[in-house]
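Q: Please take a close look at a single chain of this structure. I am a first-year student, so explain each term as you go.

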Amino acid sequence: MNRFKIFRNLVVPVISFSALIGLWELIILWGHVQGYLAPTPLAAWEAISSNWSTLWPLTSWTIKETVWGFGAGAVIGILFGVLMSKLRFLQRSLYPVLVVTQAVPIVAIASPLVLLMGFNLGPKVVIVAWIVFFPVTVNVLDGLNHVDHDLITLARVLGARPWRTFFLIEVPATITPLFSGLKIGATYAVTGAVIGEMAASSGQSLALYQHTQIGQLNSAGVYGTTILMTAIGMSWFLLMITLEHLCTPWLRRSVARRWSRGARTLDNTYVVKGAK
Amino acid sequence: MRVPNSELLTLVDVTKRFGTTQALSPTSLSIERGSFVSIVGPSGCGKSTLFNILSGLLLPDGGEVAVGGKSVVGSTGHAGYMLQKDLLVPWRTVLGNITLGAALTGRVTEEDRRQATSFATRYGLGDFLRHYPGSLSGGMRQRVALMRTLALNTELLLLDEPFGALDAQTRFEMQQWLLSVWRDSQRTVLFITHDVDEAVFLSDRVLVMSPRPGRIVDDVEVAITRPRTLATLTETDFTTIKARILRQLHRDAESLS
């Protein structure tokens with residue numbers, strides 16, 4: 001990456017983000033907003049840092065919910081997308097059902113899930129997966145259905161076996177839509193986890209903590225909790241962007257890296273052999 | 001290994017119909033081993049239908065197709081088929097694209113890589129083995145696509161307007177290059193083109209096709225010595241053959257209007 005790209009991709013977002021926080025601080029100060037109505041960013045930050053020993057276990061709990069929920073949602077989403085693209089009758093019968101699952105208000109399924117699964121990790125994971133799988137399925141299905149048909153024909157001409165065509169042609173062609181789905185899912189995952197926590201939590205959770213802060217009119221604590229929740233969502237999104245970059249080197253590079261599979265040439269095979 | 005006067009490809013009464021359109025009326029044809037044969041004709045004359053049948057992508061309604069004496073109707077893998085679009089896979093390197101056939105049918109062996117590397121080196125792409133196709137020019141991409149076809153090691157190569165999308169300059173270079181590849185590898189080439197000059201320049205034999213119904217209307221021997229050069233294009237032999245083919249194509253156009 002050259003200097004200009006580093007500037008464009010890293011420095012510019014940091015500047016705009018800082019400007020947003022600065023604006024928040026100024027509105028509170030100049031508007032003489034009372035501290036119990038809304039805090040300054042600095043106060044919100046202090047509410048996080050001074051209560052870190054309480055907040056970190058709650059935050060890590062929420063992270064755990066999104067890890068399992070997002071993981072399950074991604075796997076289920078990919079599975080549905082692949083199966084539906086391969087089996088047309090499944091696409092016809094299952095697609096409407098999947099749409100219905102998304103039309104159900106997520107808040108309204110939280111309570112029944114608590115009845116079914118109790119107060120622990122279970123219902124939160126299900127809710128997160130419920131939200132995450134859908135954009136993944138839709139994007140994977142679209143991606144697989146729109147693979148360049150000539151490439152499939154080419155594979156046939158080359159005498160390919162079907163499952164090899166799938167892994168060598170269709171899967172790589174679907175990486176970009178897959179990550180579109182995962183990125184949408186990543187931002188929603190934390191929302192699902194918090195809804196689950198609001199519906200029912202044994203002991204402590206970020207949602208419950210925030211609820212207590214509202215009761216105490218501690219706006220700094222409320223906003224601080226929101227910032228933590230947002231940070232979890234943003235981390236997921238950044239993780240997905242990073243993974244996408246690593247999975248699609250050909251979109252940015254003209255020459256393959258030495259260690260990539262496709263880059264194995266004769267000379268470099270011998271280098272590896274010599275090293276052993 | 002070249003056996004003179006032996007036939008590699010034989011077609012007997014091959015027909016194909018799409019709905020009410022006779023795409024290919026009963027066609028019989030035999031192609032000599034090691035020869036370079038071009039097919040010219042207007043759009044819709046059944047050239048691509050013929051190729052799709054030969055490659056096994058399409059089942060004929062009737063007739064027999066044999067390669068090396070063995071029937072190949074409806075089976076793929078016996079012919080290298082190259083289309084006008086280079087269809088390089090963007091996520092594989094040049095080397096990965098040349099060895100794509102091996103990857104799709106089995107394992108890419110050391111021998112496959114060695115062969116691909118030697119193709120690329122011999123034909124001027126040795127420094128680009130680890131490049132992704134996105135960074136190559138049109139001519140380079142087309143060369144990689146042809147190497148991918150060669151790497152299948154089939155005796156028969158079906159090339160469907162491989163240079164149609166290239167500019168005139170690159171095109172002439174690619175034609176010269178193709179002839180050298182053909183000479184080195186001793187394959188049998190069937191070559192579709194719209195360009196009569198190209199057909200005569202490259203071939204031992206030119207088949208002229210005509211639409212409605214799709215059929216072969218002329219079979220022209222090109223007895224011009226090789227190697228052929230730029231000067232060949234203006235020789236009397238060349239222009240005579242070209243005139244004959246143009247007359248055939250033109251007659252069709254007149255009968256349509």
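A: **Chain A, with chain B beside it for reference**

Read along the sequence, chain A of this predicted model follows the pattern α-α-α-α-α-α-α-α-α-α-α-α. That comes to 12 helices and zero strands, where helices (H or I, at least four residues) and strands (E, at least two) are DSSP runs, numbered from the N terminus. The radius of gyration of chain A is 24 Å, well over the 19 Å that the globule rule gives for 276 residues, so chain A is more spread out than a compact globule. This radius is taken over C-alpha atoms, and the globule rule is 2.2 Å times the number of residues to the power 0.38. Along its principal axes, the C-alpha trace of chain A spans about 70 × 50 × 40 Å.

A note on how the values were obtained. This is a predicted model, in which local features need pLDDT of at least 70 and side-chain atom pairs count only at pLDDT 80 or more, while totals for chains, interfaces and linings use all residues. Residues are numbered from 1 along each chain as its sequence is written, chains are lettered from A and ligands numbered from 1 in the order in which they are written, and side-chain values use heavy atoms, with hydrogens and water left out.

Of the 276 residues of chain A, 41% count as buried, meaning under 20% relative accessible area (exposed is over 50%, partly exposed in between; 1.4 Å probe, protein chains only). The accessible surface of chain A is about 15,700 Å², and 70% of it belongs to carbon and sulfur atoms; such areas come from the Shrake-Rupley method with a 1.4 Å probe, and for residues only the protein chains shown count as cover.

Contact means heavy atoms within 4.5 Å. Among contacts in chain A between residues at least 6 apart in sequence, 74% join residues at least 24 apart.

Chain A carries 20 positive and 10 negative side chains, and the centres of the two sets lie 13 Å apart. Lys and Arg count as positive and Asp and Glu as negative, with His and the chain ends not counted; the place of a charge is NZ of Lys, CZ of Arg, CG of Asp or CD of Glu.

For reference, chain B has eight helices and 10 strands. Its 257 residues would give a compact globule a radius of gyration near 18 Å, and chain B has 18 Å, which agrees. In chain B, 56% of the residues count as buried, and carbon and sulfur atoms supply 51% of the exposed area of about 10,900 Å².
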